[in-house]
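Subject: The structure, and what turned up in it

Hi there,

Here is the structure I said I would pass on. Please have it open while you read, as my notes follow below.

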Amino acid sequence: MKATSENTNDYLNGRGAQLNTDNKYLKNSITKEHIEGIDDWEITNEKTSFIIGSSKSIVNKVESPDVNMLYSLNPYQGCEHGCIYCYARNSHEYWGFSAGLDFERKIIVKQDAPELFKKFLEKKGWLASPITISGNTDCYQPCERKYKLTRQLLQIALEYKQPIFMITKNALILRDLDILQELAKYKLVSVFVSITSLDENLRQKLEPRTTTAKQRLKVIEQLSLANLPMGVMAAPMIPGLNNHEIPAILKESANAGAISAGYTVVRLNGSISKIFEDWLSKNFPDRFEKVWHQIQDCHHGNVNDSRFGTRMRGEGNFAQLMSNTFKLHCKINKLNLTRIELDSSQFKVPKAQMSLF
């Protein structure tokens with residue numbers, strides 16, 4: 001399959017991907033093979049569109065042992081943030097779209113998410129295991145300002161006393177400080193903030209529609225002051241681009257109030273390989289070969305590793321160096337000294353009929 005650039009002359013500012021890769025689930029696709037043979041091929045940086053979707057369920061059981069979550073909940077599919085490395089891009093193909101620009105420009109809004117969340121929590125035998133909001137795409141991406149699905153989900157979690165983990169890279173989470181504080185009183189919430197780089201120029205290229213690292217540190221600080229157990233995810237680390245920032249990210253996050261930290265090594269699975277390769281060649285042509293080969297060094301000569309246990313951390317010299325650096329600076333900054341635990345014992349379906357036994 002051939003990855004085709006949507007714009008051969010101008011860089012699409014404000015977008016991570018610069019092309020749409022073919023969708024492996026579709027039999028037909030349209031590509032621009034010969035520019036001179038096509039009349040009136042309009043090249044535009046389309047506005048983001050929002051598609052109201054419906055789902056049979058909203059909470060998914062996570063089978064991967066590599067991530068620290070048992071269940072995930074995602075009110076949006078696709079993400080306006082446009083992070084070039086995002087592992088969730090491939091999931092957009094299930095909806096009939098491309099993992100490239102479509103992932104950033106065609107956002108599916110699961111407007112029935114609150115209703116489905118309540119229905120899930122009221123299932124017989126549910127033991128209130130912690131659910132991670134944003135296990136796939138960011139629940140605080142810009143469209144949350146309009147749709148407020150995440151805020152509704154948090155209100156439901158508070159009503160049912162359902163413990164929640166969250167991960168985000170958007171300062172919009174501070175809008176919901178009132179609910180988060182209430183959840184924290186009952187030990188029902190913990191938040192991880194994702195910080196990929198403290199370098200604003202690199203951040204704008206890697207994650208064009210996210211908030212700045214400075215604002216993310218402010219999120220850690222303000223939520224920590226509100227007694228939320230806070231963590232930082234230095235993820236993903238990309239050899240030759242941002243791996244040298246691990247010490248600074250951990251130090252600044254700890255100073256802001258983080259007590260826990262994690263990291264991952266970039267892996268370019270599925271269509272993300274072509275999308276990232278195109279992006280890297282356009283943004284860092286002088287470093288392309290170095291970065292690409294160092295990513296391969298982390299995955300036994302490939303840019304992706306699907307094996308549980310190694311895919312998120314990588315193997316080889318560069319991966320080991322990142323692991324050692326991460327562990328050392330967690331120790332220096334007193335991170336991960338205690339495990340964050342949430343309380344599932346308070347869960348109760350509101351107005352549920354009391355048992356006679």
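S134 is buried, with a relative accessible area of 5%. You will find S134 in the loop between β8 (131-133) and α3 (144-147). What makes S134 worth a look is its backbone: phi is near 90°, a positive value in a residue other than glycine. As background, most residues other than glycine have a negative phi, and most peptide bonds are trans.

Before going further, please keep in mind that this is a predicted model. The protein chain has an average pLDDT of 90, and 89% of the residues score at least 70. Two stretches need some care. Over residues 1-8 the pLDDT is below 50, although this stretch has 32 contacts in the model beyond near neighbours in sequence. Residues 353-357 also have a pLDDT below 50, and there the number of contacts beyond near neighbours in sequence is zero. Where pLDDT is low, the predicted coordinates should not be read in detail.

Now back to the backbone. H300 is not a glycine either, yet it has a positive phi of about 55°. H300 comes just after α10, in the loop between α10 and α11. Is H300 buried or exposed? With a relative accessibility of 58%, H300 counts as exposed, whereas S134 is buried at 5%.

There is also a cis peptide bond, which joins A235 and P236 and has an omega of about -10°. P236 belongs to strand β11, made up of residues 230-237.

The helix that precedes H300 deserves a paragraph of its own. Helix α10 spans residues 288-298, and its buried residues include F288, V291, W292, Q294, I295 and C298. Why do they sit on the same side of α10? Because they cover an arc of only 165° around the axis, they are placed on the same side of the helix. Among the elements that cover the buried residues of α10 are β12 (260-265), α9 (272-283) and α11 (317-332).

One of those neighbours, α11, can be described in more detail. The axes of α10 and α11 come within 6 Å and cross at roughly 80°, so α10 is roughly perpendicular to α11. On the α10 side, the contact is made by Q294, D297 and C298; on the α11 side, by N317, F318, A319 and M322. Q294 and C298 therefore appear twice in this account, as buried residues of α10 and as part of the contact with α11.

A second pair of helices has another arrangement. Helix α4 (residues 149-160) and helix α5 (residues 177-185) have axes that come within 10 Å and cross at roughly 25°. The angle makes α4 roughly parallel to α5. From α4, the residues in this contact are R151, L154, Q155, A157 and L158, and from α5 they are D178, I179, L180, E182 and L183. The crossing of α4 past α5 is left-handed.

Two strand residues are also good places to stop. Y71 is found in strand β5 (residues 71-73) and counts as buried, at 16% relative accessibility. Leaving aside residues up to four places away in sequence, Y71 touches V59, N60, K61, V62, F120, W126, S129, P130, I131 and T132. The C-alpha atoms of Y71 and G135 are separated by 8.2 Å, with the two positions 64 residues apart along the chain as the separation.

The other is T168, which lies in strand β9 (residues 164-168). T168 is buried as well, at 2% relative accessibility. With residues up to four places away in sequence again set aside, T168 touches D138, Y140, I173, F192, V193 and S194. T168 and T137 are 31 residues apart in sequence, and from C-alpha to C-alpha they are 8.8 Å apart in space.

Last, the chain as a whole. The protein chain has 11 helices and 12 strands, and 55% of its 357 residues count as buried. Of the contacts in the chain with a separation of 6 or more, 78% are accounted for by residues 24 or more positions apart.

Happy browsing, and do write back with any questions.

Best wishes

Technical notes
Residues are numbered from 1 along each chain as its sequence is written. This is a predicted model: local features need pLDDT of at least 70, side-chain atom pairs count only at pLDDT 80 or more; totals for chains, interfaces and linings use all residues. Side-chain values use heavy atoms; hydrogens and water are left out. pLDDT is the predictor's confidence in each residue, from 0 to 100. Contact means heavy atoms within 4.5 Å. Buried means under 20% relative accessible area, exposed over 50%, partly exposed in between (1.4 Å probe, protein chains only). Helices (H or I, at least four residues) and strands (E, at least two) are DSSP runs, numbered from the N terminus. The arc is that of the directions from the helix axis to the C-beta atoms. Axes are lines fitted to C-alpha atoms, for helices over the stretch in contact, and angles run from 0 to 180 degrees between N-to-C directions. Angles under 35 degrees count as roughly parallel, over 145 as roughly antiparallel, 65 to 115 as roughly perpendicular and the rest as oblique. A crossing is left-handed if the near helix is turned anticlockwise from the far one by less than a right angle, and right-handed if clockwise.
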